[in-house]
Amino acid sequence: MHRSKKFKKMCYEWVNQRVYIIFLPTYSPELNSIELLWKKIKYEWLPISTNLSFKDLCQSVNDILTDYREKYRIYHLLVIIYLYIFSDL
């Protein structure tokens, strides 16, 4: 966490502009988007058949990432919280 005077001063200015700083724990993979994405790919979206070869694995991961926005969705906890808090604006 940044502790400089300049950062603390900016935090007050950001709050006045409705920008909020959310401090995360040092190690929090459940709040890291890339960790969530990889977990979904590895345990939910990746077919078992990709275990047959490295080439199949690469192709499947590439297919998933290519079609990510069309076929797959991840709802990040922070986005849900944000939408809940600011839904009445």
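At 4% relative accessibility, T50 counts as buried in this predicted model. T50 is found in the loop that connects α2 with α3. Apart from residues within four places in sequence, T50 is in contact with D56, L57 and S60. One of these partners, S60, belongs to helix α3. S60 has a relative accessible area of 15%, and because buried means under 20%, this residue is classed as buried as well. When residues up to four places away in sequence are not counted, S60 touches L46 and P47 in addition to T50.

The overall architecture provides the setting for these contacts. The secondary structure of the protein consists of 5 helices and 0 strands, and the pattern read along the sequence is α-α-α-α-α. The protein has 89 residues, of which 18% are buried. Its accessible surface amounts to about 8100 Å², and carbon and sulfur atoms account for 59% of that area. Among contacts with a separation of 6 or more, 40% are between residues 24 or more positions apart.

The interior was examined next. In soluble globular proteins, nonpolar side chains tend to be buried together. In the present model, the largest nonpolar core comprises 7 residues, namely L37, I41, W45, L46, V61, I64 and Y72. Helix α2 and helix α3, the latter spanning residues 54-66, each supply at least two residues of this core. The greatest contribution comes from α2, which gives 3 residues.

Two members of the core illustrate how its parts meet. I64 is found in helix α3 and is buried, with a relative accessible area of 4%. Leaving aside neighbours within four places in sequence, I64 is in contact with I41, W45, L46 and Y72. The pair I64 and W45 is separated by 19 residues in sequence, while the C-alpha to C-alpha distance between them is 7.6 Å. The second member, V61, is in contact with W38, I41 and L46, again leaving aside neighbours within four places in sequence. I41 and L46 thus appear among the contacts of both I64 and V61.

Helix α2, which covers residues 33-45, shows a division between its faces. The buried residues of this helix are L36, L37, I41 and W45. These residues lie on the same side of α2, because they cover an arc of only 135° around the axis. They pack against α3 and against α4, the helix at residues 68-71. The face of α2 turned away from the buried side carries the exposed residues K39 and Y43.

Helix α2 also contains a charged pair. A search of the whole structure finds 1 salt bridge, formed between E44 and K40. The closest N and O atoms of this pair are 3.1 Å apart. Both residues lie in α2 and are 4 residues apart, which corresponds to about one turn of the helix. The two partners fall into separate accessibility classes. E44 has a relative accessibility of 53% and counts as exposed, because the exposed class begins over 50%. K40, at 25% relative accessibility, counts as partly exposed, because this value lies between the limits of 20% and 50%.

Cysteine residues and backbone geometry were considered last. A disulfide is a covalent bond between the sulfur atoms of two cysteines. The count in this model comes to 0 disulfides, by a rule that requires a pair of cysteine sulfur atoms within 2.5 Å. The cysteine C11 is buried, with a relative accessible area of 18%. C58, by contrast, counts as partly exposed at 37% relative accessibility. As regards the backbone, R18 is a residue other than glycine with a positive phi value, near 65°. R18 is placed in the loop between α1, which spans residues 5-16, and α2.

Note on methods: Residues numbered from 1 in each chain as written. Predicted model: local features only at pLDDT ≥ 70, side-chain atom pairs only at ≥ 80, totals over all residues. Heavy atoms only, no water. Salt bridge = Lys/Arg side-chain N within 4 Å of Asp/Glu carboxyl O. Buried < 20%, exposed > 50% of the residue type's maximum accessible area, 1.4 Å probe, protein only. Core = buried A, V, L, I, M, F, W, Y, C linked by side-chain atoms within 4.5 Å. Contact = heavy atoms within 4.5 Å. Arc of directions from axis to C-beta. Areas by Shrake-Rupley, 256 points an atom, 1.4 Å probe, with all protein chains shown as cover.
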